[in-house]
Amino acid sequence: MRLKDRVAIVTGAASGIGAAIGRQFAAEGARLLLVDIADNGAEQLDEQIRLSGGESIFEHTDVSDPAAIAHMVQACIRHYGRVDILVNNAGIVRQAPLHETAEDDWDRVLAVNLKSVFLGSRAVLPHMLAQGSGKIINVTSIAGLVGFENTGPYCASKGGQIALTREMALEYAKQGINVNCIAPGVIRTAMTAGMLASPEGTLAFEQGTPYRRLGEPEDIAHAAVYLASSESDFVNGEVLVVDGGWVAR
Ligand SMILES: NC(=O)c1ccc[n+]([C@@H]2O[C@H](COP(=O)([O-])OP(=O)(O)OC[C@H]3O[C@@H](n4cnc5c(N)ncnc54)[C@H](O)[C@@H]3O)[C@@H](O)[C@H]2O)c1
């Protein structure tokens, strides 16, 4: 087991990529704190993990709320006594041409996707520093590397996550803490369901992917297991692109 007894917080764990990360982390022996605002999905996963012999608790947390984040980390320390891995995965998208984007949508996307990385990391770092080890994994997007139309706040938030990942990687490397991000391509989840609703939409994204298929949440979870495990100890500040070749074109 590659994550035996490691304590991991996974945000946005109710569905899609976060749920797949939760399942694979549990299968690799991690002890989990699942986090989301969607209680039903996260509670179901929490129960599945425990029924299959894993360890898991769920904490309802809005990742853009500093008080909720502080509470989340306190719950982790109270229950497990430590925190080894933080996966900042929760995210949202709002689609509109930039000139029609409401300020509220800009603020919400930046708060959920980018400020959350600051808040979550700030809250776990004192514990990781005291332990002398830790792994922070930020789920960014290829939209932080290349443009996607009609998603201005999303692209900005994802580019910001990459910049913050590199900053934190430098700042905490000497204390044994790795900070990396994963940049998924187009993955079949609730977030992309609208874009993929029609056969033409699906075909367009498949054709944009050199590997000629959409990604599945498990493709991203495999990368997260690697970055959470000791196999990646010498990997720091990396943007691990998992996109079937989209940005290689
Ligand atoms: N699906 C893709 O194609 C794709 C591509 C690149 C990057 N990503 C990124 O992957 C991550 C996961 O997305 P997904 O595709 O699994 O989407 P998803 O919609 O299935 O999952 C996102 C989860 O985040 C939760 N969430 C939203 N706001 C929250 C908040 N304020 N606090 C706590 N939880 C909150 C949602 O309830 C949901 O469970 C996101 O950061 C997304 O930007 C997805």
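Start by colouring the chain by secondary structure: this predicted model has seven helices and seven strands. Follow the ribbon from the N terminus and you will pass the elements in the order β-α-β-α-β-α-β-α-β-α-β-α-α-β.

Now zoom out to see the whole chain. Along its principal axes, the C-alpha trace spans about 50 × 35 × 35 Å. The radius of gyration is 17 Å, which agrees with the value near 18 Å that a compact globule of 249 residues would have. Of those 249 residues, 45% are buried. Contacts also reach across the sequence: among those between residues at least 6 apart, 72% join residues at least 24 apart.

Next, go inside. Select Ala-8, Ile-9, Val-10, Val-87 and Ala-224, the residues that touch the most other members of the largest nonpolar core, which has 67 residues. Then highlight residues 103-131, helix α4, which gives this core its largest share, nine residues.

Stay in the core and centre the view on Ile-9. Which residues does Ile-9 touch, leaving out those up to four places away in sequence? Show Leu-33, Val-35, Met-72, Cys-76, Val-83, Leu-86 and Val-87 to see them.

For the last stop, select helix α1 (residues 16-27) and helix α7 (residues 217-228). Their axes come within 8 Å and cross at roughly 50 degrees, which makes α1 oblique to α7. The crossing of α1 and α7 is right-handed. Turn on side chains where the two helices meet: on α1, look for residues including Gly-16, Ile-17, Ala-20 and Phe-25. Their partners on α7 include Pro-217, Ile-220, Ala-221 and Ala-224. You have already seen Ala-224, as one of the core residues that touch the most other members.

Methods:
Residues numbered from 1 in each chain as written. Predicted model: local features only at pLDDT ≥ 70, side-chain atom pairs only at ≥ 80, totals over all residues. Core = buried A, V, L, I, M, F, W, Y, C linked by C-beta atoms within 7 Å. Buried ≥ 20, exposed ≤ 12 C-beta atoms within 10 Å, placed from the backbone. Helix = DSSP H or I, 4+ residues; strand = E, 2+ residues; numbered from the N terminus. Contact = placed C-beta atoms within 7 Å. Rg over C-alpha atoms; globule rule 2.2 N^0.38 Å. Axes fitted to C-alpha atoms, helices over the stretch in contact; angles between N-to-C directions. Parallel < 35°, antiparallel > 145°, perpendicular 65-115°, else oblique. Left-handed = near helix turned anticlockwise from the far one by under 90°.
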